[in-house]
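Could you show me around this structure, one selection at a time? I have it open in my viewer and would like to know where to look next.

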Amino acid sequence: MTLTIGRMEAELRAKRDAGRKLLVPYITGGLRGWQDAVRAAAASGADAIEIGIPFSDPVMDGPVIQRASQLALADGATPVSVLAEVRDLDVSVPLAVMTYYNTVHHPGPLRFAEQLASAGIAAAIVPDLPLDESGPWCVAADAAGIETIMLAAPTAPDARLPRIVARCRGFVYSVGLLGVTGERDQLASTATSLAARLKMITDVPVLVGVGVSNAQQAREAVRVADGVVQGASVVRRLLEHGADAVGQYVAEVRAAIDE
Amino acid sequence: MTERDVPERDVPAAPATLMSEPSDTGRFGEFGGRFVPETLVPACEELEAAFREAWADTTFRLELDALLRDYAGRPSIVTECANLGRQLGIRLLLKREDLNHTGSHKINNVLGQALLAKRMGKTRLVAETGAGQHGVATATAAALLGMECKVYMGAVDIERQALNVFRMRLLGSEVEPVHSGSRTLKDAVNEAMRDWVATVGDTHYCLGSVMGPHPYPWMVREFHRVIGDEAFRQCNERLGDVPDLVVACVGGGSNAIGIFSGFVDTRSRLIGVEPAGGAAVERGQPGVVHGMRSYLMQDEYGQVLEAHSISAGLDYPGVGPEHSHLASIHRAEYPNVTDDEVVGAFQQLARTEGIITALESAHALAWIIREAHTFPGATVLMNLSGRGDKDVAQIMELLEL
Ligand SMILES: Cc1ncc(COP(=O)(O)O)c(C=O)c1O
């Protein structure tokens, strides 16, 4: 099977192959100050940025991202408004969106994929769309040039992982723990064990996300993984202190994983 | 199970029926599926395999039958409402799920799932609840089978169903208030799913209706099939025929699917009554939430809308996928009734028949009362899914009695 590698995967592979550990912060689109937070993150060492399109029923998210989603929705954020604002971001790193499947299903996979592509989005993550249901979306995404980042969970038996990896574009999202997004005191042991299992079977960059809560935990995770996704710890800073705090935090994590 | 005086039971081979097994991907027509985070896929697969195996195992079936009979009090009786029937110009029969232990049909499903969970080696149950009836049933089964139990309940529902909250706590379960979103059933489902994502090793998610990811809509239907099987037999004995109409209220749709299952392959008209403020079939469009593709009330961008109903158990913007299928093939109809009509029906049944119904079940009756003039002389079987003790305080406030 020959595939043209998309922009997200090409850039992350090149950096990884040059010895750099990868950092992808998550920011809820439509949340007050979110565009400045994206710019601050990009300027502080993020290698790509994940933008949440808020959904009313985010089952994979803990309290912080739930709250951010509710606030954004209450402020009138919609998939259309968030994607319109994405066009004004003017950042150089590749962007992924994270949203739940009904946001895709409602306009239909083809139309949604085209909307992402025309906003300049490189990739998409849909956490309630498991491999077995991903067919219609993946076909539409491939056709529109959107890379679909698949999640691999610690509960996956060995036979399932290669199938997930084969369908994965951009990077492999290695779910760090059994649970939803949110900060934890410690990095779960599953974070590195799953990343190690994935690294054995794929050359696509493997990033640990969910439950990577601070610079120290990011450094632990990248001993095995190619990088980390950080969500709740970033969004909490945006909620509590604003966009500048996001920039400072991303710089701190950057420094920790570069050591 | 040890040998006891339970009758021999042959597990019948599935006959050709409109309500057969869903497809390999859990579809009823174009509805259903398994839209869950990757973390839960192995658990859903494991549950499907365990249910399939248990359901074909006579020992499991006998054990469940014995519990349903000796613990839940099955079979539930059928009561003819001569007074109200006369007023409405119809023949009205009630299938009395309100007389089951714990006060509603929910116990049928819960005993099945709890036995199955135990067989799978799980030690803990989590559940969502709206009216609290499913929560009470789950807490009851957990107490009986020695399992740990946590029930998620929207903060709004905790207030309007305080009696059931207390019952769950008496039974030794933890009740966790849910403050996100609409703070009702929809959000309790989200929270129970989040719990399950984190605890899937030792925990079974005891889902309370014919909704959620495959295999739940199918499995929960099979556990409630007993309602329809009994009712079919009882109607045959009493009427020598099937009823002209079979009517049930629909939240997620478990009591309705249970009674429909006995009549889906007959000439009976099937009516599932939704609340006007949660009319997923009439006002919704196909959408994906809570693990399934089904009719769902949503806005122009696919955000799930909040339902509004006087009854906590029906305050849900979606509906189980098999109901969406039955609606789309026009085998069942899904009209809706207003809160006012429901309160009227609740009072009318109490005064004419001496039965205090749950507000949920009163939806089915409200539709019958409103529409009886369109089917004069018809025989109507209604599923009285639960009793109204839990609703008395709410009604008292409402009517300022
Ligand atoms: C008495 C009763 N009937 C009906 C329902 C609605 O559930 P379903 O539509 O699954 O039967 C409930 C839910 O709480 C209930 O308590």
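Start by colouring chain B and chain A separately: in this predicted model, the two chains bury about 2,900 Å² between them, and carbon and sulfur atoms account for 54% of that. The contact involves 37 residues of chain B and 37 residues of chain A. On the chain B side, select B:Glu38, B:Arg194 and B:Tyr301; these lose the most area to chain A, together 26% of what that side buries.

Stay at this interface, where four salt bridges are found. One of them joins B:Glu45 to A:Arg160, with the closest N and O atoms 4.0 Å apart. For another pair, select A:Asp57 and B:Lys186, whose side chains meet in a salt bridge at 2.9 Å, N to O. A:Asp57 sits in the loop between β2 (49-52) and α3 (63-74) of chain A, while B:Lys186 belongs to helix α8 (residues 185-199) of chain B. Are these two buried or exposed? A:Asp57 has a relative accessible area of 2%, so it counts as buried, and B:Lys186 is buried too, at 3%.

Next, hide chain A and colour chain B by domain: domain 1 covers 27-70 + 106-216, and domain 2 covers 78-104 + 225-400. Their C-alpha centres lie 22 Å apart. The contact draws on 38 residues from domain 1 of chain B and 43 residues from domain 2 of chain B. Between them, about 3,200 Å² is buried, 61% of it from carbon and sulfur atoms. In domain 1, pick out B:Phe31, B:Arg160 and B:Val210, which lose the most area to domain 2, together 21% of what that side buries. Two salt bridges are counted between these domains of chain B. While B:Arg160 is selected, add B:Asp315: their side chains form a salt bridge at 2.7 Å, N to O.

Now turn to the surface of chain B and select B:Phe166, B:Leu170 and B:Leu171, which make a nonpolar patch of about 310 Å². B:Phe166 is part of helix α7 (residues 162-170), and counts as exposed because its relative accessibility is 52%.

For the last stop, bring chain A back and find A:Glu183 and A:Arg236, a salt bridge with its closest N and O atoms 2.6 Å apart. A:Glu183 lies in the loop between β7 (172-175) and α9 (189-201) and A:Arg236 in helix α11 (residues 232-241), so this pair ties together parts 53 residues apart in sequence. A:Glu183 is partly exposed at 30% relative accessibility, and A:Arg236 is partly exposed at 25%.

Key. Residues are numbered from 1 along each chain as its sequence is written. Chains are lettered from A and ligands numbered from 1 in the order in which they are written. This is a predicted model: local features need pLDDT of at least 70, side-chain atom pairs count only at pLDDT 80 or more; totals for chains, interfaces and linings use all residues. Side-chain values use heavy atoms; hydrogens and water are left out. Patches are made of residues with over 30% relative accessible area and no salt bridge: like charges are joined within 9 Å, nonpolar side chains (Val, Leu, Ile, Met, Phe, Trp, Tyr) within 5 Å. Accessible areas come from the Shrake-Rupley method with a 1.4 Å probe; for residues, only the protein chains shown count as cover. Helices (H or I, at least four residues) and strands (E, at least two) are DSSP runs, numbered from the N terminus. Buried means under 20% relative accessible area, exposed over 50%, partly exposed in between (1.4 Å probe, protein chains only). Domain bounds come from an automatic or database domain assignment. Contact means heavy atoms within 4.5 Å. Buried area is the accessible area (1.4 Å probe) that two parts lose on being put together, summed over both.
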